[in-house]
Amino acid sequence: MPAEDTIYKQMLKAYKSAEQQIALLQESIQECQSLVESLSNLAEQLQCCRCAAADHEGVLLLTAYPDLPGRMEVKLVQSMEGILCKLQVKLETLQSARTKLYYQYTHALSSYQKISQEFGVQKATQRTATWPSIVDMLQWLWEIDRQYASICANRQWILDTLSYDRLGEIQALPSRWKLNSSDKNFFQDILAHVSFFMADVAGHS
């Protein structure tokens, strides 16, 4: 029983942390949505500004103020840079959360490996109608960590590859940034699988 108590409590701790980090991920991605929409709007304005500058002879105002598009572009780019900095800070927060996830997974795996002989293969792979096996839960923790890391890496890649020479990509950013339904379902399904286990172990702690 001591071996079982040890690994069950560690699994409970790991999945509580996973719940928190997943909630943080979803909340942060949602909070960033208004930022990326603002960035998209500014990119559209910048594109219009460049088009006007290229056809300045057809714009009466620009014949009087030929340097106006250049000044406007500087201000627009400064505003966009400010938003990009805020998005980077959000991503760094998510990267820290992902580090916590990875720690919980490796700690749970290490805890199991230390008592694996005492615990036994049969118990480690045993499932019930409401409880997954220990092996299942370790695998899911690993999958959560990998998926979380992939989502963060994808958003970081998006930011790293944005260019003011490709404004169309920035304008399309809102649809590229948000979590898709498969990501949401992936996390929800795993947490649903361990919900009874977590409630039972927490109730006996």
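1. A quick term before the rest: a residue is called buried under 20% relative accessible area, exposed over 50%, and partly exposed in between. Keep in mind too that this is a predicted model. With that cut-off, glutamate 31 counts as partly exposed because its relative accessibility is 36%.

2. Glutamate 31 has a charged partner: lysine 90 forms a salt bridge with it, and the closest N and O atoms are 2.5 Å apart. This pair links distant parts of the chain, with glutamate 31 in helix H1 (residues 2-54) and lysine 90 in helix H3 (residues 68-119), 59 residues apart. Lysine 90, at 25% relative accessibility, falls in the partly exposed class as well.

3. Have a look at serine 28 while you're there, since lysine 90 turns up again among its contacts. Serine 28 sits in helix H1 and is buried, with a relative accessible area of 5%. Once neighbours within four places in sequence are set aside, serine 28 touches Lys90 and Leu94.

4. How many salt bridges are there in the count? It comes to five, and the lysine 90 pair with glutamate 31 is one of them. Two others are worth a paragraph each.

5. Arginine 98 pairs with aspartate 145, the closest N and O atoms being 2.8 Å apart. Arginine 98 lies in helix H3 and aspartate 145 in helix H5, so this salt bridge ties together parts that are 47 residues apart in sequence. Is aspartate 145 buried or exposed? Aspartate 145 is buried, at a relative accessible area of 2%, while arginine 98 counts as partly exposed at 23% relative accessibility.

6. The other pair to check is arginine 127 with aspartate 136, a salt bridge whose closest N and O atoms are 2.5 Å apart. The two ends fall in opposite classes: arginine 127 is exposed at 55% relative accessibility, whereas aspartate 136 is buried at 14%.

7. Now for the helix packing. Helix H5 (residues 134-161) packs against helix H8 (residues 181-193) at an angle of about 160 degrees, and their axes are 11 Å apart. Angles over 145 degrees count as roughly antiparallel, which makes H5 roughly antiparallel to H8. As for handedness, the H5 and H8 crossing is left-handed.

8. Which residues make that contact? From H5 come Trp140, Glu143, Ile144, Gln147, Tyr148 and Ile151, and they meet Asp183, Phe186, Phe187, Ile190 and His193 of H8. Sorted by class, the contact of H5 with H8 holds seven nonpolar, two polar and two charged residues. Glu143 in H5 and Asp183 in H8 are the charged ones, and Gln147 in H5 and His193 in H8 are the polar ones.

9. Last stop: leucine 162, in the loop between H5 and helix H6 (167-171). Although it is a loop residue, leucine 162 counts as buried, because its relative accessibility is 18% and the class runs to under 20%. Leaving out neighbours within four places in sequence, its contacts are Leu39, Leu84, Ile170, Leu173 and Arg176. For one of these, Leu173, there is also a backbone distance: the C-alpha atoms of leucine 162 and leucine 173 are separated by 9.5 Å, with the two residues 11 apart along the chain.

How values were computed:
Residues numbered from 1 in each chain as written. Predicted model: local features only at pLDDT ≥ 70, side-chain atom pairs only at ≥ 80, totals over all residues. Heavy atoms only, no water. Axes fitted to C-alpha atoms, helices over the stretch in contact; angles between N-to-C directions. Helix = DSSP H or I, 4+ residues; strand = E, 2+ residues; numbered from the N terminus. Parallel < 35°, antiparallel > 145°, perpendicular 65-115°, else oblique. Left-handed = near helix turned anticlockwise from the far one by under 90°. Contact = heavy atoms within 4.5 Å. Salt bridge = Lys/Arg side-chain N within 4 Å of Asp/Glu carboxyl O. Buried < 20%, exposed > 50% of the residue type's maximum accessible area, 1.4 Å probe, protein only.
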